[in-house]
Amino acid sequence: MAKLYLKFKESVIKEIILQNGVVTIGRGEKNDIQIDNLAVSGSHARIIGEGGRFVIEDLNSTNGTFLNDRRIARNPLTHNAVITIGKHTLVFIDPQPTASVDNDATIVMRKPVDADATVVISPVRQQPLAADETIVRAKPAAETIAPVVTKIGKFTLIDGKADAPEYLLDKRVVTIGKSDAAEIRLKGFFAPKVAAVINRTSDGYFVTPATGEKTLVSGRPITGACQLKPLDIVEVAGLKLQFSFQEG
């Protein structure tokens, strides 16, 4: 029987049994799997089950849907696949053989849903379990999560007010902002809670600006995810941060 484990960090929040049909995922209350977080679009993604196989489809969300650390539009699910939406993960478990999958299936993009209401990767806090929910322990992360880029990146503060001169980018998601949950903390009364987000994937490091925040990479303004190269300088919210890889 196919199922999903909804996880935040290393804790399993909920177990969802999958059957044929459509399971919707998003911030809106009408979704089958609701993730109440500003990083998640109102209608973010959906899982389609038919004939014993399952497909994950992004609904043109603001922050994207990632499957095993790769941003996808539509992709088949396999046993132990890890879906990342914001800072939550959904681990797909289906140990039984499934029907053959058409990897050449047409990718369908839809109009954005609630895009204007979504903030790019806002820090999240784990919500308490409801009384009728039971914690189900998934397999250890080492068995279920695909490897990310092996080199560890870092930021060196060139200019601006922050809480440290250097930042190691060893997490999958690093937030720049004033929020208490931000890894790179901004100073100043008018500093935004979330200014930008750094994603560490198997393809490298990507910086994504928050909605309305002017962000430059090596002098070039960006409006969406931009891959970082060594010696790139990221300018956001009064900071200048130089990207490089840690030696050794």
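Which residue forms a salt bridge with Glu57, and how far apart are the closest N and O atoms? The partner is Arg46, and the closest N and O atoms of the two residues are 2.7 Å apart. I should say at the outset that what we are looking at is a predicted model, and that a search of the whole structure finds 9 salt bridges, of which I will discuss a few, beginning with this one.

Glu57 lies in strand E6, which covers residues 53–58, while Arg46 lies in strand E5, residues 45–50, so their salt bridge ties together parts of the chain that are 11 residues apart in sequence. As for their surroundings, Glu57 has a relative accessibility of 2% and therefore counts as buried, whereas Arg46, at 21%, counts as partly exposed; the cut-off for buried is under 20%.

Glu57 also forms a salt bridge with Arg74, and here the closest N and O atoms are 3.2 Å apart. Because Arg74 belongs to strand E9, residues 74–76, and Glu57 to strand E6, this pair ties together parts that are 17 residues apart in sequence. Arg74 is partly exposed, with a relative accessible area of 25%.

Let me turn to another pair, Arg70 and Asp203, whose side chains meet in a salt bridge at 2.9 Å, N to O. This pair links distant parts of the chain, 133 residues apart, with Arg70 in strand E8 (residues 70–72) and Asp203 in the loop between strand E16 (196–201) and strand E17 (204–209). Arg70 is partly exposed at a relative accessible area of 44%, and Asp203 is partly exposed as well, at 39%. Coming back to Glu57, the salt bridges that share partners join Arg46, Glu57 and Arg74 into one network.

Where do the strands of that network sit in the sheet? An open sheet of 5 strands, with mixed pairing, runs in the order E4-E3-E5-E6-E9, and that order includes E5, E6 and E9. Strand E4 (33–34) and strand E9 stand at the edges, each with a single partner strand, so one side of each is left without a neighbour in the sheet. At the E4 end, strand E3, residues 21–26, runs parallel to E4 and is joined to E4 by 2 bridges, and in this part of the sheet Gly26 stands opposite Gln34 in E4.

If you have the structure open, I would suggest taking Glu57 as the starting point, since this buried residue has salt bridges to both Arg46 and Arg74.

Key. Residues numbered from 1 in each chain as written. Predicted model: local features only at pLDDT ≥ 70, side-chain atom pairs only at ≥ 80, totals over all residues. Heavy atoms only, no water. Salt bridge = Lys/Arg side-chain N within 4 Å of Asp/Glu carboxyl O. Helix = DSSP H or I, 4+ residues; strand = E, 2+ residues; numbered from the N terminus. Buried < 20%, exposed > 50% of the residue type's maximum accessible area, 1.4 Å probe, protein only. Pairing = 2+ DSSP bridges.
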